[in-house]
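This note sets out some points to check while looking at the model. Please keep the sequence and the structure side by side while reading.

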Amino acid sequence: MISVTEWQKIGVGITGFGIFFILLGVLLYFDSVLLAFGNMHKLKGTSFFLGGVVIVLLRWPLLGMVLETYGFLNLFKGFFPVAFGFLGNAFNIPFLSALFQRLQGTSSMV
């Protein structure tokens, strides 16, 4: 018989909790009501992005990609400063840190 140590039991328990919460997060992510609430406040970006997909499927790829890009930028414009701030702090490269702080919109040197 295989002996299981206490550390292995703890690892299996923590892994089980992780899998449970990941599945719960995926289920809540694809909940139609939550998706509708999220898209209701970003109707302009969503409509341009999906309109671009339709235009690409109708064989106008250049115009469709431009519309998709505009919709993508409208959907995630609130996330870009957060991402640039994280990248500026995560990678402590002098030139890139200064660039990411400028893109983030803050001039703090903390």
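1. A residue is called buried when its relative accessible area is under 20%, exposed when it is over 50%, and partly exposed in between. With these words in hand, one can look at helix 4, where Leu 62 and Val 66 are exposed on the side away from the buried residues. The structure under discussion is a predicted model.

2. The overall plan comes next. The protein has six helices and zero strands, and its elements read α-α-α-α-α-α from the N terminus on. Of its 110 residues, 12% count as buried. The accessible surface comes to about 9300 Å², and carbon and sulfur atoms supply 77% of that surface. Among the contacts in the protein with a separation of 6 or more, 19% are accounted for by residues 24 or more positions apart.

3. Helix 3 covers residues 43-57, and its length can be tested. At 1.5 Å a residue, its 15 residues should span 21 Å, and the end C-alpha atoms are indeed 21 Å apart, so the expected and computed values agree. The expected span is obtained by multiplying 1.5 Å by one less than the number of residues.

4. Which residues of helix 3 are buried? They are Gly 45, Thr 46 and Gly 52. These residues cover an arc of only 130 degrees around the axis, which places them on the same side of helix 3. On the other side of this helix, Leu 43, Leu 50 and Leu 57 are exposed.

5. Arg 59 deserves a separate remark. Helix 3 is followed by this residue, which is placed in the loop between helix 3 and helix 4 (61-75). The phi angle of Arg 59 is near 70 degrees, a positive value in a residue other than glycine. Arg 59 counts as exposed because its relative accessibility is 74%, and the cut-off for that word is over 50%.

6. Helix 4 can be examined in the manner used for helix 3. At 1.5 Å a residue, the 15 residues of helix 4 should span 21 Å; the end C-alpha atoms are 20 Å apart, which agrees. The buried residues of helix 4 are Gly 64, Glu 68, Gly 71, Asn 74 and Leu 75. Seen down the axis, they fall within an arc of 125 degrees, so they line one face of helix 4. Against which helix do the buried residues of helix 4 pack? They pack against helix 3.

7. Asn 74 offers a closer view of helix 4, in which this residue lies. Is Asn 74 buried or exposed? Its relative accessibility is 18%, and therefore Asn 74 counts as buried. When neighbours within four places in sequence are left aside, Asn 74 is in contact with Lys 44 and Gly 45. Gly 45 is itself one of the buried residues of helix 3.

8. Charged side chains should also be considered. Side chains of opposite charge can pair when their charged atoms come close. How many salt bridges does a search of the whole structure find? The search finds one. Lys 9 forms a salt bridge with Glu 6, and the closest N and O atoms are 3.5 Å apart. Both residues lie in helix 1 (residues 6-29), three residues apart, about one turn of the helix. An α-helix has 3.6 residues a turn, so residues three or four places apart point the same way. Lys 9 is partly exposed, with a relative accessible area of 46%, whereas Glu 6 is exposed, with 54%.

9. Leu 96 lies in helix 6 (residues 94-104). Its relative accessible area is 31%, so Leu 96 is partly exposed. Leu 96 and Phe 84 are 12 residues apart in sequence, and their C-alpha atoms are 10.0 Å apart in space.

10. Finally, the model may be set beside a database record. An unreviewed UniProt entry lists residues 12-36, 48-67 and 79-100 under "transmembrane region". In the model, the span of residues 12-36 is 92% helix and 0% strand, with its end C-alpha atoms 36 Å apart. The span of residues 48-67 is 85% helix and 0% strand, and its end C-alpha atoms lie 6 Å apart.

Definitions and conventions. Residues numbered from 1 in each chain as written. Predicted model: local features only at pLDDT ≥ 70, side-chain atom pairs only at ≥ 80, totals over all residues. Heavy atoms only, no water. Helix = DSSP H or I, 4+ residues; strand = E, 2+ residues; numbered from the N terminus. Buried < 20%, exposed > 50% of the residue type's maximum accessible area, 1.4 Å probe, protein only. Arc of directions from axis to C-beta. UniProt positions renumbered as here; feature names shortened; annotations may be inferred. Contact = heavy atoms within 4.5 Å. Areas by Shrake-Rupley, 256 points an atom, 1.4 Å probe, with all protein chains shown as cover. Salt bridge = Lys/Arg side-chain N within 4 Å of Asp/Glu carboxyl O.
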